[in-house]
Amino acid sequence: MNSSISRRLFIEGCAATLGLTLVGCSSGGSGGPLVAVAGENGSFVLSNVPEVGMNEAIPFQFSGGDADKKPGLIINSAMGLAAVNAVCTHSGCTVEWTNDVKQPLHCPCHNSNFTVGGEVISGPAKRPLPKFSVQKDGTNLVLTPA
Ligand code: FES
């Protein structure tokens with residue numbers, strides 16, 4: 001009898017622990033991906049963006065609009081804050097930040113390179129990355145097609 005109660009209490013305790021673990025994992029804390037939510041006229045809004053250091057980039061994901069679920073990058077350079085859609089215009093791979101001033105945005109699939117403003121430095125990509133101007137609005141960043 002006592003072992004039956006102990007077993008039940010043990011299982012309930014495990015379930016409670018598992019439940020707390022799952023809640024903790026799904027809380028979307030500060031470690032989750034940044035999401036740019038579609039607004040009006042092709043704009044997007046990012047909330048709770050950490051400070052972007054000079055010559056650094058932070059990845060995010062578009063939500064909604066034409067770029068839904070596509071990757072993006074917020075870039076802080078000598079030209080100020082800007083953002084690009086990080087889908088390579090050659091064949092759709094994700095462009096990466098390199099922190100190399102000569103070729104700051106690089107596509108690992110076929111080695112296209114882009115400027116911080118998304119212009120093509122070297123192909124095979126022929127079209128620039130879609131670029132967004134960035135304005136601060138309180139704690140939010142508003143991305144507007146440039
Ligand atoms: S997909 Fe980027 S260079 Fe080919």
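How many bridges join strand S7 to strand S8, and in which sense do the two strands run? Hold that while you colour the chain by secondary structure; the model is predicted.

**Whole chain.** Select the protein chain. Its secondary structure comes to one helix and 11 strands, and from the N terminus the elements run α-β-β-β-β-β-β-β-β-β-β-β. Of its 146 residues, 23% are buried. Among contacts between residues at least 6 apart in sequence, 37% join residues at least 24 apart.

**The open sheet.** Now select S6, S7, S8 and S9. These four strands form an open sheet in the order S6-S7-S8-S9, and the pairing is antiparallel. Strand S6 (96-97) and strand S9 (120-122) are at the edges with a single partner strand each, so one side of each has no neighbour in the sheet. Next, show residues 105-106, which are strand S7, and residues 113-114, which are strand S8: two bridges join them, and they run antiparallel. To see one such pair, pick His 106; its bridge partner in S8 is Asn 113.

**The loop before S7.** Move to Lys 102, in the loop between S6 and S7. Is Lys 102 buried or exposed? Lys 102 counts as exposed, because it has 8 C-beta neighbours inside 10 Å; the cut-off for exposed is 12 or fewer. Draw a distance from its C-alpha to that of Val 116: the two residues are 14 apart in sequence and 9.8 Å apart in space.

**The barrel.** Select S1 to S5 with S10 and S11. Seven strands close into a barrel in the order S1-S2-S11-S10-S5-S4-S3, with mixed pairing. From one strand to the next, the twist averages 35°. For one pairing within the barrel, show strand S5 (residues 80-85) with strand S10 (residues 131-137), which pair in the antiparallel sense over three bridges. Ala 83 has Phe 132 in S10 as its bridge partner.

**The core.** Keep Ala 83 on screen and add Ile 74, Ile 75 and Leu 143. In the largest nonpolar core, which has 26 residues, these four touch the most other members: Ile 74, Ile 75, Ala 83 and Leu 143. Strand S2 (44-46), strand S3 (56-63), strand S4 (71-77), S5, S10 and strand S11 (140-145) each supply at least two residues of this core. Nonpolar side chains tend to be buried together in soluble globular proteins.

**Last stop.** Centre on Ile 75. Which residues is Ile 75 in contact with, leaving aside its neighbours within four places in sequence? They are Ala 57, Ala 82, Ala 83, Val 84 and Val 116.

Methods: Residues numbered from 1 in each chain as written. Predicted model: local features only at pLDDT ≥ 70, side-chain atom pairs only at ≥ 80, totals over all residues. Pairing = 2+ DSSP bridges. Axes fitted to C-alpha atoms, helices over the stretch in contact; angles between N-to-C directions. Buried ≥ 20, exposed ≤ 12 C-beta atoms within 10 Å, placed from the backbone. Contact = placed C-beta atoms within 7 Å. Core = buried A, V, L, I, M, F, W, Y, C linked by C-beta atoms within 7 Å.
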